[in-house]
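Hello,

Please find the structure below, followed by some notes on it.

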Amino acid sequence: MKKGKIVGLEGSFAIAEAVRMVNADVISAYPITPQTHIVERLAEMIADGELDAEFICVESEHSAMSACVGASAAGARVFTCSAGQGLELMHEVLYIPSSMRLPVVAVAANRALSGPLSVWCDHSDVMALRDIGWIQMFAENNQQAFDLTICAFRIAEDKEVLFPAMVHIDGFYLSHVIEDMVLPDDEVVADFIPEYEYPFALDPERPVSMGCYGPPFIYSEAKKAQEVAFESTKPKILETWEEFGDTFGRYYAPVESYKMEDASIALLTMGSIGETAMLAVDEMREEGKGVGLIRLRLWRPFPFTELREAVKDVELLVVLDRALSSGMGGPVCSEVKSALYDKREDMRIVGFIGGLGGRDITIEGFKYMVNRALEYPEIEEEFEIIGVRE
Amino acid sequence: MMEICIYGRGGQGGVTLAELVAHAAIREGKHAQSMPAFGPERRGAPVLAFLRVNETERIKIRTEIAEPDVLVVLDPGLLQVGDVVSGLKKDGIAVVNTKKSHDEMKAEIGAGRLATVNAMSIAKGILGLPIVNTAMLGALIKATEIVKLESLEEPLKERFGKVATKNIEAMKKAYEETVVR
């Protein structure tokens, strides 16, 4: 196995390296904190001749995704990235590549939504993207940001998939952090990523219409077909991660467990807080608590089977949400509850919201959540926002 | 693991300092993590950066550093306006850019280990600019031996290109002049 070399790389630069190594054809993006370093680095690579791609400068994220849709329809390998308000401005166009089956790859540097104005990390922007029909996955460190970006191209462009894919990296916590990671050789990545040929590329010799009207007599059929195809992407996602592991030595799964073998209490997280949560689990284990950790790597399509399997022996599931669905609670917690409802009546699920707008979640924070959840059902609220000064 | 907080103002290069040490440590085969704590980015505003270096193990923790082993202060004025020193571990060390004498600074910030250097004078003299980060690199290394001085040369060249030579000179001069007691 060729493992590559150990380097210090900022998360944003690691992603730019991945995009360079897969030899993307078209990049269209608008800079926004904390995603900016990704676009800046890619623009620099193109200007310096390190990457032979077209960089389409646009005046907004709405146009960025529109340009990606056009380029992808023409058969190009396409990349974009955004964050927070940028994803919101891009929002209406995000549904287009998924319904047109265009395998655009994007990275979202997760950021809070205004107001108050915040450039810092949380998952408010992610949670507004739940229904866009993209394959979505979460990275918890720079290595994973790189690896999952590589995998996203191969998954999205597979002829049995042909859906757009988005890799979520936490803004600042990954985008602006330099840490050690393994950077594989260009050739190994090139071998892993097949030549791309979109089977339905626009061609003046064979004119077609794309993105047509869907009147009531056909809209439901179109959406059903899209959903059936989307749900059937799962085997390809698993296969790609398996092959990635065999090639690069790092294996990924839709739901990843840590010290879950004999755990009766489980924490559930997504994104960059995962490894800090591991340290919290280690400390709680030393205190004699049977705690383990579950991280959702795959967010869409939602990993129902793997989640149910991961929590099968759990009595108390503590879910941390990094976003607030106003008037409802934590979006991840409500999805987890819905996935497990009627499957596990003997399990308690307690939701916490934390890490909003760049607020740290510490090891002590995780301990607090577990201890507080153990007091349940004395807790009357549906959910609790932690670490708030009163 | 050594945990370091770097206090400076926008434009002084505190974030870059953290990044350069992370690169140098990784080149030495260590594990490192540099993480900025940006406020609204603007020149002159207080900026805080975090740096962790672990000789043997991958760094998992991804939170701000509340109780550092080392405190690097690029602008001594920050000691007056904010609570900079209180989190420092009992056996930790503060590395301060100051034109005051070592003893004066020691009296000002209280007990504990201290390293001082007049980084501003070095930066102005060698670089012709009031950007103290590379001089403070030398002070940090003198105070902690977190990485070897030589390990910084390549990261500095990658980062600064033509002006790397002067920055390396500033780093080395500060290394020589830093007083640690």
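How far apart do the C-alpha centres of domain 1 of chain A and domain 2 of chain A lie? They lie 28 Å apart. Chain A is divided into domain 1 (5–248) and domain 2 (255–385), with bounds from an automatic or database domain assignment.

This is a predicted model, in which local features need pLDDT of at least 70 and side-chain atom pairs count only at pLDDT 80 or more, while totals for chains, interfaces and linings use all residues. Residues are numbered from 1 along each chain as its sequence is written, and chains are lettered from A and ligands numbered from 1 in the order in which they are written.

The domain contact (C-beta atoms, placed from the backbone, within 7 Å) takes 27 residues from domain 1 of chain A and 20 residues from domain 2 of chain A. On the domain 1 side, E6(A) supplies the largest share, 4 residues. That side divides into 14 nonpolar, 8 polar and 5 charged residues; Ala, Val, Leu, Ile, Met, Phe, Trp, Tyr, Cys and Pro count as nonpolar, Asp, Glu, Lys and Arg as charged, and the others, Gly among them, as polar.

Now the sheet. Its 9 strands are ordered E1(A)-E8(A)-E2(B)-E3(B)-E1(B)-E4(B)-E5(B)-E6(B)-E7(B), and the sheet is open with mixed pairing. Strands are DSSP runs of E, at least two residues, and helices of H or I, at least four, numbered from the N terminus; pairing requires at least two DSSP bridges. The edge strands are E1 (5–10) of chain A and E7 (179–180) of chain B, each pairing on one side only. Strands E4 (70–73) and E5 (93–97) of chain B run parallel, joined by 4 bridges.

Regards

Methods: Contact = placed C-beta atoms within 7 Å.
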